[in-house]
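Trainee: I'm new to this one and would like a close look at a single part of it. Could you walk me through the salt bridges, starting with a pair tucked away inside?

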Amino acid sequence: MTDHRNERANVWVKLTAGSVLALALSSWLPASALERYVGRALTGEGRLAYTETHWRYDRNGRPARLVLYRCPSGDAFARKDVLAVDAPWTPNFEFVDGRDGYREGVRGDGANREVFWQTSSAETRVRMLTVSDSSIIDAGFDEWVRHRWSTLSNAGVQAQFLIPSRGKFLSVRMHRQPSSEVDTVKFRLGWDSWLSGIAPSVNLTYSTPGQRLRVFEGIGTIRTASGEPWPVRIEFPASARTQNAVSAEIDAARALPLDGKCG
């Protein structure tokens, strides 16, 4: 498939990487638990764009996560593997989009890691990076939010968020927003740099019991089939969450071919 992404679209899509944010905004489970939950990504017109199913489990003593993305038809088209390394907000991960072969991720141990990304028409690009106390990588964003829950205020808290396709960290700031809803906290993630002029903010709604993400609104990890940024509203209903999942589900999800053509 021809890579239609231009520089601006590439910035917008990878900024929330949420992967990146919406991908994994939920706390790690104890090693003995195995949780499954589902997010429904809706377009601005309210149409179902795709679903994302998350499994959170323990892999050799480390918190891990598998995310499977499906078209509205149910066909799988992308997958992400996440494994905690050192601080839970700086995990390793690998994301693969079967529609065009795009790949990105982080690998290694300790402060020195390797970020990689590959488009369908190019060789894999690799760059070394240094992880610091203020760094956030992919699915670790939610653990960062939880760790700083009491200090997140209207003034905002700054951090360095990894943009894999640019091979570097960029400055972000999280602000607490007013909310009239009971048992709900709202946050806005903005870009604390020149990117604030071209990249839209991300709005997050959490439930205070359990500090779980309820709604993500913004540009997420998944692109349209033509490679354009896909602004979505991702809803994570409590009814689509269970802690009674079984490991066979993870094996089956990892074995599914990524041949969906939605978008």
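Mentor: Sure, let's begin with Lys80 and Asp138, which are both buried. Keep in mind that this is a predicted model. These two side chains form a salt bridge, and their closest N and O atoms sit 2.5 Å apart. Lys80 belongs to strand β4 (residues 76-83), while Asp138 is in the loop between β9 (135-136) and α2 (141-147), so the bridge ties together parts that are 58 residues apart in sequence. As background, side chains of opposite charge can pair when their charged atoms come close.

That pair has company, as the structure holds 18 salt bridges. Another one to find is Glu35 with Arg212, where the closest N and O atoms are 3.4 Å apart. Here, too, distant parts of the chain get linked: Glu35 sits in strand β1 (residues 35-42) and Arg212 in strand β14 (residues 212-219), 177 residues apart. Glu35 has a relative accessible area of 0%, so it counts as buried.

For a contrast in setting, turn to Glu181 and Lys186, whose side chains meet in a salt bridge at 3.4 Å, N to O. Glu181 is partly exposed, with a relative accessible area of 38%, and Lys186 is partly exposed as well, at 23%. Now go back to Glu35 for a moment: through salt bridges that share partners, Glu35, Arg56, Arg212 and Arg241 are joined into one network.

Technical notes:
Residues are numbered from 1 along each chain as its sequence is written. This is a predicted model: local features need pLDDT of at least 70, side-chain atom pairs count only at pLDDT 80 or more; totals for chains, interfaces and linings use all residues. Side-chain values use heavy atoms; hydrogens and water are left out. A salt bridge is a side-chain nitrogen of Lys or Arg within 4 Å of a carboxyl oxygen of Asp or Glu. Helices (H or I, at least four residues) and strands (E, at least two) are DSSP runs, numbered from the N terminus. Buried means under 20% relative accessible area, exposed over 50%, partly exposed in between (1.4 Å probe, protein chains only).
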